[in-house]
Amino acid sequence: MADKAMIGREAEGATISIDAESVRDFARGIGETNPLYFDEEAARAAGYDNVVAPPTYPIAFMAESMNADLFFELNLNMPSLVHGGQEFEYYRPVVAGEKLTLKGRIADIWEKQGRSGVLDFVVMEATAHDEGGDPVYTSRITLISRRVDEEEEEEE
Amino acid sequence: MSASSVRYSVGDELDPLVIGEITKELIAEYSRVSHDPNPMHTDEELARSAGHPTVFAQGMLGMAFLARHLTDLAGVGNLRRFKVRFQTMTWPGETITCRAKVANLQETDGRSLVTCDIHTENQDGEPKVVGTATFEAVQ
């Protein structure tokens, strides 16, 4: 089970470089055709320094904002884990060639009685800032884990 | 055709985006480009042993389709808030369409914000990825 005392705990965070080829690869993988995602000239003409990343591209490096120790301390039932929901707030698009500083934190934890037992909900928040210190986006990922009941745990 | 010429009213159903058929290849390719390590999307045998009929699509692939719909409608760089829940799984062989309906209009600091109820659905109209999004209508 996830301990509510972990709400507010922060991860170490990371700085990542946005690579144009990785952006193009992602855009191609989701069937995008918008030239701003592929063509540097088109992106420059629209006022960007390099190709722009599609809105959900941050998921490709989301794991960087959370350190493994903190994640495992949540003690979630890994085989049951599902991505229940996802939220983004955008200040501007992510642009290839820039460096983003990611900070992760446990934003919320709650539980709910489901049909197959107790479900733990965990919201992990990640904020990205650019080199000038301005916010680029905030992401909130909701994970749902089915709690292993104590009898089941004893059998293992 | 520019987003700037569009006038929105609450209740408007915006032009849908037809994505087409979801294939195992598309799902596997999305795992690669999004660095999704979950083998349930790529390993047929494992998916079956877990009680699924086959591999299933990533929720985030559906969200990516909705993002494409929204940026087609509003223009790149105008999305402000985007929230979804992954309601039911999307399977290979299903045909996916993105839909958006205007739920709220707001004028803030000279900016026109349009909030839509959005979802992906299969060929039978069954909703898959469901949520809301707010974009700035550029005048």
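Here are three short exercises, with worked solutions, on how chains A and B touch in this predicted model.

**Exercise 1.** How many residues does each chain bring to the contact, and which element of chain A gives the most to the side that touches chain B?

*Solution.* Start with the totals: chain A supplies 24 residues and chain B supplies 25 residues. Next, look for the elements of chain A that give two or more residues to this side; they are α1 (20-29) and β2 (82-90). Of these, β2(A) gives the most, with eight residues. Finally, sort the residues on the chain A side by type: eleven are nonpolar, eight polar and five charged.

**Exercise 2.** In which sense do β2(A) and strand β2 of chain B pair, parallel or antiparallel?

*Solution.* Find β2 of chain B at residues 79-86. Its pairing with β2(A) is antiparallel and runs over five bridges. To see one bridge for yourself, go to Gln86(A), whose partner in β2(B) is Val84(B).

**Exercise 3.** How are α1(A) and α1(B) oriented to each other, roughly parallel or roughly antiparallel?

*Solution.* Begin with the geometry: α1(A) and helix α1 of chain B (residues 24-34) pack at an angle of about 160 degrees, and their axes are 9 Å apart. Angles over 145 degrees count as roughly antiparallel, and therefore α1(A) and α1(B) are roughly antiparallel to each other. The crossing of α1(A) past α1(B) is left-handed. Now pick out the residues that make the contact: α1(A) uses Asp25(A), Phe26(A) and Gly29(A), while α1(B) uses Glu29(B), Tyr30(B), Arg32(B), Val33(B) and Ser34(B). By type, this helix contact holds three nonpolar, two polar and three charged residues.

Definitions and conventions:
Residues numbered from 1 in each chain as written. Chains lettered and ligands numbered in written order. Predicted model: local features only at pLDDT ≥ 70, side-chain atom pairs only at ≥ 80, totals over all residues. Contact = placed C-beta atoms within 7 Å. Helix = DSSP H or I, 4+ residues; strand = E, 2+ residues; numbered from the N terminus. Nonpolar A, V, L, I, M, F, W, Y, C, P; charged D, E, K, R; others polar. Pairing = 2+ DSSP bridges. Axes fitted to C-alpha atoms, helices over the stretch in contact; angles between N-to-C directions. Parallel < 35°, antiparallel > 145°, perpendicular 65-115°, else oblique. Left-handed = near helix turned anticlockwise from the far one by under 90°.
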